[in-house]
Amino acid sequence: MKRVYVNEEWCLGCHLCEYYCAFANSGIKDMVKALKDVQINPRLRIEEAPGVSFAVSCRHCDEPLCVKGCITGSLHIENGVITFDKEKCVGCYTCILSCPYGAIMPSETGAVQKCELCLKNSFGTPACVKGCPNQAIVFEER
Amino acid sequence: MQYVIIGNSAAGVGCVEGIRQADKTGKITVLSSEPYHTYSRPLISYLLYGKTDEEKMKYRRASFYEDNGCEFLPGRTAAAIDPKGKTVRLTDGTEIPYDRLMVATGSRPFVPPIPGLDRVSSQFTFMSLDDARALEKELSPDKRVLIMGAGLIGLKCAEGIAAKVGELTVVDLAPHILPSILDPDAAALVQKHIEGHNIRFILSDSVKEFSGNAAVLASGKTVPFDILIVAVGVRPNTALISDAGGAVNRGIVTDDACRTTLPDIFAAGDCTESRDAVSGEHRVLALLPNAYMQGECAGINMAGGTAVYDKAIAMNAIGFFGLHVLTAGSYQGEDYISAGEETYKRLISSDNRLRGFILVGDVARAGIYTNLIKNKTALSSIDYDLIKERPQLLAFSRKERKIMLGGAAE
């Protein structure tokens, strides 16, 4: 299955992936309107320290602890993609307690949010990868 | 192959999904005492709080049994197992044969024998959808509620109903709230937050007797109430296995493959004991994620596959009125503590391993800590000082990150 993979050595720490993620999931067509004066809450996050940076997003694990532990059945697997039903989520944060990568986070709505590979927004394919200028994140089979 | 599953909650559902990973065609019969589609038990407090409804509470979609080729028998209760004849007898006398059996019977509320309790007119426990429905009917702004028990169930119930009643008092023998998962400092922080929402606590005290609709406490205080909720603990439902001659301690004894001591009979969830991966002790770890994963592991093994569930740890995600609390593991060891106005963090380590944590308020990315505990990661192999500040993958080696994020083989 195609997943988002990180080439850490190529990451510039520019954070464009975070902006593309926030834009893609905003539902707004114009990138400037979607992001101007907005405190973004992207589903992918850059970690950085002097000399090192990399993006972290859902790994779409084969044995997802978040899905197995979800108390509502909101998190589930569709064709290998870990997706979730925000209507069912009550924001208990068991998934945040479970994810080994720290890739699930609170959303503004009180539920959680996570990367769904842009399958539910108008991009249809990971916007973070499209926005990365240096192939530090790629969407491919490995 | 004929599979029978007694129980229709997380462990039972996990078992169905485990069986179907290894056997697409064997017949599965699911017995459920409660006459409902599988629903998430912990959501009953969210139901009263108004954060979910009975439709959204369904733990799996409406077509779950059909999609998985299950014969679903709602409202049917197992009375006895005949391990020699390999049949389950139901309370209505029906006998169902099995090749492999799953016992996922959960637990029941413990109601202590307190003088006068039998004469309390309006009393509830808080475990099932029926409990929540019955309690909801009684709630009104003029009612005074007494909850016995400041544990997970009692306090989630309190959160669920606080806005719908006049007065709400929680009494517990322990000196602080949530004694099974919090230390006194974290508990004080959470208690203060909860007290801002129409909830009053009486701690280090207990109900000695009931005098009509008033509780007389050991301290001599009297607490009058209109509604009593008993949430002092639960007991595993183990009788089916012990009556059939299987080993039972506090819970049903199971091995790492979720087998009981009886041939072809497996057990999972709140009715069982499993090995705590942190302490090595066998104990009842009554937690939904644990129940699901035990059930799934059992299901795979029942269907002829091979699975081991040896990473059970105590872990709890709970929140009250927007304040989140995440805890895991055990609290014996060396402490790292950092506290703020509405945040508290305690990490416990020993022998170069993270053993447990308590996080209140700031809980982001806690799973990174959880997995250090589960995987028994040597703290000397990561930057522990960095990860103590906050959970982050920067604390791991570049090589380790290549495995985690780059898909490199381990």
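**A walk through a predicted two-chain model**

Let's begin with residues 1-295 of chain B, where helix makes up 23% of the chain and strand 27%, and where the C-alpha atoms at the two ends lie 18 Å apart. For this stretch, the unreviewed UniProt entry lists the feature "domain: FAD/NAD(P)-binding". Keep in mind that what you have in front of you is a predicted model. For chain B the average pLDDT is 97, and 100% of the residues reach at least 70. The complex, for its part, receives an ipTM of 0.97 and a pTM of 0.96 from the predictor.

Next, the domains of chain B. Domain 1 is assembled from two segments, 2-107 and 235-302, while domain 2 covers 117-230 and domain 3 covers 322-406. Measuring over C-alpha atoms is the convention here: the centres of domain 1 and domain 2 of chain B are separated by 30 Å. Where these two domains of chain B touch, domain 1 contributes 10 residues and domain 2 contributes 12. On the domain 1 side of that contact in chain B, seven residues are nonpolar, one is polar and two are charged.

Now zoom in on a pair of helices in chain B. Two packed helices are described by the angle and the distance between their axes. For helix H1 (residues 10-22) and helix H8 (residues 288-302) of chain B, the axes come within 6 Å and the crossing angle is roughly 35°. The crossing of H1(B) and H8(B) is right-handed. If you would like to find the contact on screen, the H1(B) residues taking part include B:Ala10, B:Gly14 and B:Ile19, and among their counterparts in H8(B) are B:Leu288, B:Ala291 and B:Ile300. Sorted by class, the contact of H1(B) with H8(B) holds 15 nonpolar residues, seven polar ones and two charged ones.

Chain A comes next. Its domain 1 is also written as two segments, 1-57 and 120-142, and its domain 2 spans 61-114. The C-alpha centres of domain 1 and domain 2 of chain A are 19 Å apart. Five residues of domain 1 of chain A and eight residues of domain 2 of chain A make up the contact. The domain 1 side in chain A divides into two nonpolar residues, two polar residues and one charged residue.

Finally, let's bring the chains together. How many residues of chain A are in contact with chain B? There are 30 of them, and they meet 39 residues of chain B. On the chain A side, the elements giving two or more residues are strands E1 (3-6), E2 (45-49) and E3 (52-56), along with helices H3 (65-69) and H4 (94-98). H4(A) provides the largest share of this side, with four residues. By class, the side of chain A that touches chain B consists of 16 nonpolar, seven polar and seven charged residues.

Definitions and conventions:
Residues numbered from 1 in each chain as written. Chains lettered and ligands numbered in written order. Predicted model: local features only at pLDDT ≥ 70, side-chain atom pairs only at ≥ 80, totals over all residues. Domains from an automatic or database assignment. Contact = placed C-beta atoms within 7 Å. Nonpolar A, V, L, I, M, F, W, Y, C, P; charged D, E, K, R; others polar. UniProt positions renumbered as here; feature names shortened; annotations may be inferred. Axes fitted to C-alpha atoms, helices over the stretch in contact; angles between N-to-C directions. Left-handed = near helix turned anticlockwise from the far one by under 90°. pLDDT = per-residue confidence, 0-100.
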